[in-house]
Amino acid sequence: MLERAELVRQVLARNPSLEAARLAWQSALSRAPQQTALEDPMLSYSIAPLSIASPVRFGQVVELSQQLPFPGKRGLRGEMALAEAEVMREDLEELRLRLALMVSTLFDDVFVVHRALGITHEHLQLLEQLKQSAEAQYVVGRASQQDPLRAEVELSEVLREQVALESERERLRAQLNGLLHRLPQAPLPPPPTDLAMPEEEPGPSEALQDLALRQRPELEGLRARLGGREAAVRLAHRDSYPDVRVMGSYNSMWMDTAHQFMAGVSINVPLDFGKREAAVREAETNLQRVRIEEKHLINDIRVEVEQARTRLVEARKVVDLFRERLVPASRDEVAAARAGFESGKNSFQSLLEAERSMRSVELRAQTALADVQRRQAELDRATGNTPGLPREGATR
């Protein structure tokens, strides 16, 4: 039997988009040690060409130098690189949740089609019985010649619906196999014949919103960007301080040995204050923009959680309405219409309309049951849990 949790796990384990995002995150992590490392030391060598064949001393100079950024600059660049890597990690988590929601929804689509085919088959059998009843009533003069023909037309319409459902089943199978990286026509086990309603009502709205603000990867990624922007502001301020280059050299052209070996230091002189002030303003503006984005995202997450919770509560009530009232009433209507037709108290058209209404109610009841699972998956996604997985394994 096809199981939702196992299907989600298999797709998450095999999806190439997730693997590509994971590799991008690992690649970003590798940038941090590059940003915090010192530049390569510079080694230079030069000679005095005219001294090569000259009787005087051979002239050559060897120099080794190393650039040393102002203290703190390398650490801030490392913070920015790590923040970027954290953003990519949260992007990976967001993709994982979106993919799990897609798979869970497809599972519900497969369930609805499977149950619709079962209900359609049951009604084909019922319509065959009604057609035979109409023929029997016609023989004894209690029904018109049109009644068996009406039953045949209704049978043909239901058969057309069955063909459409079978086509939809094949389309969904191909889509699921594609996510599982299998051949589109590869067989899949049948889904369950029933979906269990979640035992617990959704929690209080405020608690769910607080949970989402702790777990949503989009918010975590944005806060990582915020940390990176704060480091960028500090780095922009620190760029106003000079870097240092230390050097040591040997010059054979000096006659005095004490003068042949040299050591020195040089610094850049940051005189273009306008350039550096503009860099600071740019960094501060970017930081302010991310802070505004954070406020908007927090508000959007709260709204999304509340909407998902409301839709789940509504879906649960609809299922109860179908189970307790609509489905029993529609079946009683068919039974009463059939008894009335066979006793000659009502027309065959009334019986067909009752059967059609019952078929519609039973199909919508299965869709309503799947909608509860869809709304639960959406609420899981909204709160940062993995849709389709058991609650204890769903949190990040």
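**Exercise 1.** Leaving aside its neighbours within four places in sequence, which residues is Ala 83 in contact with?

*Solution.* A word on the model before we start: it is predicted, so local features need pLDDT of at least 70 and side-chain atom pairs count only at pLDDT 80 or more, while totals for chains, interfaces and linings use all residues. Residues are numbered from 1 along each chain as its sequence is written, and side-chain values use heavy atoms, with hydrogens and water left out.

Step 1: find Ala 83 in helix H4, residues 73-139. Helices here are DSSP runs of H or I with at least four residues, numbered from the N terminus.

Step 2: look for contacts, meaning heavy atoms within 4.5 Å. Beyond those sequence neighbours, Ala 83 touches Ala 224 and Gly 228.

Step 3: check the backbone. The C-alpha atoms of Ala 83 and Gly 221 are 8.6 Å apart, although 138 residues separate the two along the chain.

Step 4: classify Ala 83. Its relative accessible area is 9%, so Ala 83 is buried (buried is under 20%, exposed over 50%, partly exposed in between, with a 1.4 Å probe and protein chains only).

**Exercise 2.** Work out whether the span of helix H9 agrees with its number of residues.

*Solution.* Step 1: take the expected span, which is 1.5 Å times one less than the number of residues. For the 70 residues of H9 (residues 273-342), that gives 104 Å.

Step 2: compare. The end C-alpha atoms of H9 are 99 Å apart, which agrees.

Step 3: look along H9 for a bend, the angle between axes fitted to the seven residues ending at a residue and the seven starting there. H9 has a kink of about 45°, centred on Phe 322.

Step 4: move past the helix to Gly 344, which follows H9 and has a positive phi, near 80°.

**Exercise 3.** Compare the settings of three salt bridges, beginning with the one between Glu 19 and Arg 22.

*Solution.* Step 1: apply the criterion, a side-chain nitrogen of Lys or Arg within 4 Å of a carboxyl oxygen of Asp or Glu. The whole structure holds 33 salt bridges.

Step 2: Glu 19 and Arg 22 have their closest N and O atoms 2.4 Å apart. Both sit in helix H2 (residues 16-29), three residues apart.

Step 3: Arg 234 and Glu 79 pair at 2.7 Å, N to O. This pair links distant parts of the chain, with Arg 234 in helix H7 and Glu 79 in helix H4.

Step 4: Glu 355 and Arg 359 meet at 2.9 Å, and both are buried.

Key
Helix = DSSP H or I, 4+ residues; strand = E, 2+ residues; numbered from the N terminus.
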